[in-house]
Amino acid sequence: RSNVGKSSLINRLTGQTGLAKVSATPGHTKTLNFYLINKDWHLVDLPGYGFAQKNLAARERFEEMIIDYLEQRESLIRVFVLIDSRLPMQKLDRDFVQWLIGADIDFALVFTKVDKTKPAILRETRRQFEALFQQLGLSASPMFETSSETGAGKLEILRFIGAEVASVESDEDESEEGGTEVTATP
Ligand code: GDP
């Protein structure tokens, strides 16, 4: 979602101000941006969904590109869905999460701007998402609470990514031992 705090969070996670463009214009990021974090993993910055786009055909083409990416990218390990923690569950976010669950794509929720949120409000929003997961038959999904102002949540996310990358690498080692060659696409 535009203005959710995605660019600020990417800058926080990578520790590099200016790496992701922090935009004052909602919906600025309209391409897929790849960041090589280290030799083990990439962060891919996908555009926010639901941005105002006058040309419906262009918008549909564009959404199709994102859907293709999410459904077909074999090296994709985890989608982080950014949610503005100040708002109750929004229809756009709910629809996207529902689509991810239906497509069997692993994701985590990242609640942004927690420095601006009352804890009771965030608790209620988390509860709304948990109820949605239950309704759709998903037992659980990781959730992170972050602030790009205070740095809250940064270490938790980086540790989580590190653990996931390590677990994929050990799976690959095992399959290599079994004689299957694993080819990584750049
Ligand atoms: P994007 O459009 O999702 O990439 O969002 P940006 O990173 O450009 O941020 C949108 C606005 O929210 C900017 O004015 C940021 O300064 C502000 N913002 C982003 N993250 C935080 C946060 O964690 N706390 C607060 N208080 N403001 C934030």
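**Group meeting talk: loops, ligand and rings**

Okay, let's start with Lys113, which sits in the loop between E4 and H4. One thing to say up front: what you have on screen is a predicted model. Lys113 caught my eye because of its backbone: phi is positive, about 60°, and this residue is not a glycine. Most residues other than glycine have a negative phi. Keep that in mind, since I'll come back to a second case.

First, the overall layout. The chain has 5 helices and 5 strands. If you walk along from the N terminus, the elements go α-β-β-α-β-α-β-α-β-α. There are 186 residues in the chain, and 34% of them are buried. How much of the contact map comes from residues 24 or more positions apart? Taking the contacts with a separation of 6 or more, such residues account for 64%. On the outside, the chain exposes about 11,400 Å², with carbon and sulfur atoms supplying 50% of that.

Now let's go to the N-terminal end and look at helix H1, residues 6-14. Is H1 mostly enclosed or mostly open? Well, 7 of its 9 residues are buried, so the helix is largely enclosed by the rest of the structure. If you want to click through them, the buried ones are Lys6, Ser7, Leu9, Ile10, Asn11, Leu13 and Thr14. Just after H1 you reach Gly15, where phi is positive at about 70°.

H1 also brings us to the ligand. Which residues come closest to it? Of the 14 residues surrounding the ligand, the closest are Lys6, Ser7, Ser8, Asp115 and Ser148. Lys6 and Ser7 you've just met among the buried residues of H1. As for the make-up of that shell, we get 7 polar residues, 5 charged and 2 nonpolar.

Let me zoom in on some of the polar contacts here. At Gly5, a polar backbone atom is 2.9 Å from an oxygen atom of the ligand. Ser7 uses its side chain, with an N or O atom there lying 2.6 Å from a ligand oxygen. Ser8 does likewise through its side chain, and the distance to a ligand oxygen is 2.6 Å. How much of the ligand gets covered? Taken alone, the ligand exposes 580 Å², and the protein buries 80% of that.

Right, on to the aromatics. Searching the whole structure turns up 6 aromatic pairs. One of them is Phe80 with Phe144, a tilted pair at 6.5 Å centre to centre, with 50° between the planes. This pair links distant parts of the chain: Phe80 belongs to strand E3 (residues 79-84), Phe144 to strand E5 (residues 143-145), and the two are 64 residues apart. Are these two rings buried or exposed? Phe144 is buried, at 9% relative accessible area, whereas Phe80 counts as partly exposed at 24%.

Compare that with Phe96 and Trp99. Their ring centres are 6.2 Å apart and the planes are at 15°, so this pair counts as stacked; the cut-off for that is under 30 degrees. Here we're inside one element: Phe96 and Trp99 both lie in helix H3 (residues 91-102), 3 residues apart, or about one turn of the helix. Why would such a spacing suit a pair? An α-helix has 3.6 residues a turn, so residues three or four places apart point the same way. Phe96 is buried at 18%, and Trp99 is partly exposed at 26%.

And there's a cluster, too: ring pairs link Phe80, Phe144 and Phe160.

A little before E5, take a look at Ser141, in the loop between helix H4 (119-135) and E5. This serine is buried, at 12% relative accessibility. Where does its side chain go? The Ser141 side chain reaches the backbone oxygen of Phe107, at 2.9 Å. Setting aside neighbours within four places in sequence, Ser141 contacts Phe107, Ala108 and Phe133.

Finally, the second positive phi I promised. Asp104 is not a glycine, yet phi there is about 60°. You'll find Asp104 in the loop between H3 and strand E4 (107-112), and at 68% relative accessibility it counts as exposed. So if you're checking backbone angles on this predicted model, have a look at Asp104 and Lys113. That's me done, thanks!

Terms used. Residues are numbered from 1 along each chain as its sequence is written. Side-chain values use heavy atoms; hydrogens and water are left out. A residue is near a molecule or strand if one of its heavy atoms lies within 4 Å of it. A polar contact is a pair of N or O atoms within 3.5 Å; within protein, one must be able to donate a hydrogen and the other to accept it, and residues adjacent in sequence count only if both atoms are side-chain atoms. Accessible areas come from the Shrake-Rupley method with a 1.4 Å probe; for residues, only the protein chains shown count as cover. Ala, Val, Leu, Ile, Met, Phe, Trp, Tyr, Cys and Pro count as nonpolar, Asp, Glu, Lys and Arg as charged, and the others, Gly among them, as polar. Rings of Phe, Tyr and Trp (its six-membered ring) pair if their centres lie within 6.5 Å; planes under 30 degrees apart count as stacked, over 60 as edge-to-face and the rest as tilted. Helices (H or I, at least four residues) and strands (E, at least two) are DSSP runs, numbered from the N terminus. Buried means under 20% relative accessible area, exposed over 50%, partly exposed in between (1.4 Å probe, protein chains only). Contact means heavy atoms within 4.5 Å.
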